[in-house]
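Visitor: I would like a close look at a single part of this model, with the contacts between side chains set against the strands and helices that carry them. Please take me through it step by step.

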Amino acid sequence: MATACNLNLNLNLNFNHAFLGMHPKVMTWPTRVPSLSGGGNGAASLVVTRAIDANQFLGDFGARDPFPAELESSFGDKVLGYGNTEHKILIPNISALSLAQQDCAPISPLQPPISEQDAQMLIRKVVGWRLVNEEGKHKLQCLWKLRDFKSGVELINRISKVVEATGHFPNIYLEQPNQVRAELWTASIGGLSMNDFIVAAKIDEIKTSDLAPKKRVWA
């Protein structure tokens, strides 16, 4: 007569080598399987022991010391960087800085003005300024519509404080009761220099929202 038997399966997973300096460990998971019908009396017990590589079971845990065989193969020569690589923190050069972060430099009268092509590229880096051509000479021009005459005077004062440290000054005009116009160009070279764009970018950072006309709110 066929008798039911319970098969208890214990998997003893024996790690044959240490991992990260730890001693080998045995991990046991008791597993119950459904009753099996078969010929034989009594309970059968099966213990399976299987050697598993720790890296295969646990995966890659990151950095480790190279194996002797790896050192002999000079595998480090095939990767980017070496053990004696010198690491430095580099200070960004002028081209990597925004215009507002740069300082004005002395301009020689013999220096040619910025070409129209370069000026068209630089004008994209200053907000609200436009490139104008007056009698063949390029200038930067910006116009502000303000709340009132007092706001116009306040804006001129704020611009004066910002450009004073640069040594490069725009021409500022108070037009009408509530309009301010600023022009930038380098008279010594008869056109635009990098200083004009630097000062324009610094002026862009001046807060003007509190001087702008109030918006009407319709009920």
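Guide: A good place to begin is Lys139, which forms a salt bridge with Glu134, the closest N and O atoms being 3.1 Å apart. Please keep in mind that this is a predicted model. The two partners differ in their surroundings, because Lys139, with a relative accessible area of 11%, falls under the 20% limit for buried residues, whereas Glu134, at 34% relative accessibility, counts as partly exposed. Lys139 has a further neighbour, for it lies over the face of Trp185, at 4.5 Å from the ring centre.

These contacts belong to the setting of an open sheet of four strands, in which the order is S6-S7-S9-S8 and the pairing is antiparallel. Strand S6 (130–134) and strand S8 (171–175) form its edges, each pairing on one side only. On average, and with direction ignored, neighbouring strands of this sheet are turned by 30 degrees against each other. Strand S7 (residues 137–145) is joined to strand S9 (residues 179–184) by six bridges in the antiparallel sense, and the bridge partner that Leu143 finds in S9 is Arg181. The side chain of Arg181 in turn forms a salt bridge with Glu183, with 2.7 Å between the closest N and O atoms, and both Arg181 and Glu183 are buried.

Two helices lie across strands of this sheet. Helix H4 (residues 149–164) lies across S7, S8 and S9 and runs at about 175 degrees to S8, while helix H5 (residues 194–204) lies across S7 and S9, at about 10 degrees to S7. Within H4, a salt bridge links the side chains of Glu154 and Arg158 at 2.9 Å, N to O; the two residues are four apart in the helix and therefore separated by about one helical turn. Glu154 is partly exposed, its relative accessible area being 31%, and salt bridges with shared partners join Glu154, Arg158 and Asp210 into one network. In total, the structure holds five salt bridges.

Turning to the aromatic side chains, a search of the whole structure finds one aromatic pair. The ring centres of Trp129 and Trp144 are 6.1 Å apart and the planes stand at 90 degrees, so the pair is edge-to-face. Because Trp129 lies in the loop between helix H3 (116–122) and S6, and Trp144 in strand S7, the pair ties together parts that are 15 residues apart in sequence. Both Trp129 and Trp144 are buried.

Definitions and conventions
Residues are numbered from 1 along each chain as its sequence is written. This is a predicted model: local features need pLDDT of at least 70, side-chain atom pairs count only at pLDDT 80 or more; totals for chains, interfaces and linings use all residues. Side-chain values use heavy atoms; hydrogens and water are left out. Two strands pair if DSSP finds at least two bridges between them. Axes are lines fitted to C-alpha atoms, for helices over the stretch in contact, and angles run from 0 to 180 degrees between N-to-C directions. Contact means heavy atoms within 4.5 Å. Rings of Phe, Tyr and Trp (its six-membered ring) pair if their centres lie within 6.5 Å; planes under 30 degrees apart count as stacked, over 60 as edge-to-face and the rest as tilted. Buried means under 20% relative accessible area, exposed over 50%, partly exposed in between (1.4 Å probe, protein chains only). A charge sits over a ring if NZ of Lys or CZ of Arg is within 6 Å of the ring centre and within 35 degrees of the ring normal. A salt bridge is a side-chain nitrogen of Lys or Arg within 4 Å of a carboxyl oxygen of Asp or Glu.
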